[in-house]
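The exercises below each set a task and then work through a solution step by step. Please keep the sequence and the model open while reading.

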Amino acid sequence: MQIEVETFTVNKRFPLTISRGTTAKTTNVWVKISHDGIEGWGEASPFGVGTSPQSTEIIQNALLQSLPILQQFSPLQKQAIDVVLNKSHIPSSAKAGLDIALHDWLGKYVELPLWQLWGLELKSIVPTSVTIGINSPEGARARARDWLQFTDVRVFKVKLGSPDGIAADRKMLLAVREEALDRELYVDANGGWSLEDAIQMCNWLADVGIKYVEQPLKKGQEEKLGSLKKQTSLPIFVDESCFTSSDIPKLANYVDGINIKLMKSGGLTEAMRMVHTARAHGLQVMFGCYSDSTLANTAALQLAPLADYLDLDSHLNLIDDPFTGAILQQGRVLPNYLPGLGVQRSASGA
């Protein structure tokens, strides 16, 4: 098989601020695998969690270094390819780009969308949340109005963990709640709280009707999650603390759910494994994203019928997405009926 790698830059309509910083644009990597006249597409996007951030340069270099080894295989030799990738220890985002492209190729080869190949039901897909980053109360209100004018929003995810402290978090959340009216609200602190603040905030969030809290404590403080869980009734999800299925068993007694992202897991293969592992431990499942385009989010949507919650909105905030694929209907982001991922070049990206 032939493998091509190229970069593309996407710009956000509204910059996103979380506890770790602000992002206005990203340069992602487009992976193309060709064999027998069929081309499969994948995406690898950069992200930074913990001490080993995966930059665009790191991802691109890892992919280019792997090409001579991988080109000897057919896309149908998925197991053998996975063995090579696992031995090479390439970054998870680079692995995701390849894995997504291989799945896209397979779906096109058998002429079925992946969700249908796996026997999944589109009617099981829940509405996606849309994200409001850390802001002033007035700025958060404005961002909520922007989303409401732009699309049929059913769920808001509000980023907390403000450097100004939990008092600022509370003011911002209340401002969003007033603007959001009857929409559901979720909260993601991105590890921005201490244990003491997390206890206070989780109990307060439960009192004001928030559905769940995501990553209340920093990655590396997982042992404190048990103490937090004992002192709050609010469901706790983890994101930065959970990359692959091997992380789930040690977290299972301290959390209620996990956030699966293709760039963390290394693609659809491991994401499916994470779903089954989480279910075996009685946990709920969410699919999330980084600064992904329609390409990566449409890939994640192939597994969306298996999720309790979805946060696949990054492509909705792009002004120059080079791809089309996912369809937005009544607050739900759905895959289409085209084979593979069902992703094509957009008119602006052609």
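**Exercise 1.** Which backbone oxygen lies 2.7 Å from a polar atom of the side chain of Lys-264?

Solution. Before starting, note that this is a predicted model, in which local features need pLDDT of at least 70 and side-chain atom pairs count only at pLDDT 80 or more, whereas totals for chains, interfaces and linings use all residues. Residues are numbered from 1 along each chain as its sequence is written, and side-chain values use heavy atoms, with hydrogens and water left out.

Step 1: locate Lys-264, which has its place in helix α10 (residues 262-265); helices (H or I, at least four residues) and strands (E, at least two) are DSSP runs, numbered from the N terminus.
Step 2: examine its accessibility; Lys-264 is buried because its relative accessible area is 1%, where buried means under 20% relative accessible area, exposed over 50% and partly exposed in between, with a 1.4 Å probe and protein chains only.
Step 3: list the surroundings; leaving aside residues up to four places away in sequence, Lys-264 touches residues including Phe-47, Asp-239, Glu-240, Cys-242 and Tyr-290, contact meaning heavy atoms within 4.5 Å.
Step 4: the backbone oxygen sought is that of Cys-242.

**Exercise 2.** Describe how strand β5 is paired and covered.

Solution. Step 1: β5 spans residues 155-159, and five of its five residues are buried.
Step 2: Val-155, Lys-157 and Lys-159 point one way from the strand, while Phe-156 and Val-158 point the other way.
Step 3: on one pairing, strand β4 (residues 129-132) and β5 run in the parallel sense over four bridges, with Ser-129 standing opposite Val-155; two strands pair if DSSP finds at least two bridges between them.
The chain passes from β4 through helix α5 (residues 137-150) to β5 in a right-handed β-α-β crossover, a term that applies if, with the strands pointing away from the viewer, the path from the first strand over the helix to the second runs clockwise.
Step 4: on another pairing, β5 and strand β6 (residues 184-188) are parallel over five bridges, and Leu-185 in β6 is the bridge partner of Phe-156.
The chain crosses from β5 to β6 through helix α6 (residues 166-180), and this β-α-β crossover is right-handed.

**Exercise 3.** Why does the length of helix α7 agree with expectation?

Solution. Step 1: the expected span of a helix is 1.5 Å times one less than its number of residues.
Step 2: α7 (residues 195-207) has 13 residues and should therefore span 18 Å, and its end C-alpha atoms are 18 Å apart, which agrees.
Step 3: among the buried residues of α7 are Leu-195, Ile-199 and Trp-204, and the elements that cover its buried residues include α6, β6, β7 (213-214) and α8 (225-230).
Step 4: beyond the helix comes Gly-209, whose phi is positive, near 90 degrees.

**Exercise 4.** Is Asp-36 buried or exposed, and where is it found?

Solution. Step 1: Asp-36 is found in the loop between β2 (21-35) and β3 (38-44).
Step 2: with a relative accessible area of 61%, Asp-36 is exposed.
Step 3: although Asp-36 is not a glycine, its phi is positive, about 55 degrees.
Step 4: repeat the procedure for His-89, found in the loop between α2 (78-88) and α3 (92-110); its phi is near 55 degrees, a positive value in a residue other than glycine, and at 69% relative accessibility His-89 counts as exposed.

Terms used. Polar contact = N/O pair within 3.5 Å; in protein donor to acceptor, adjacent residues only side chain to side chain.
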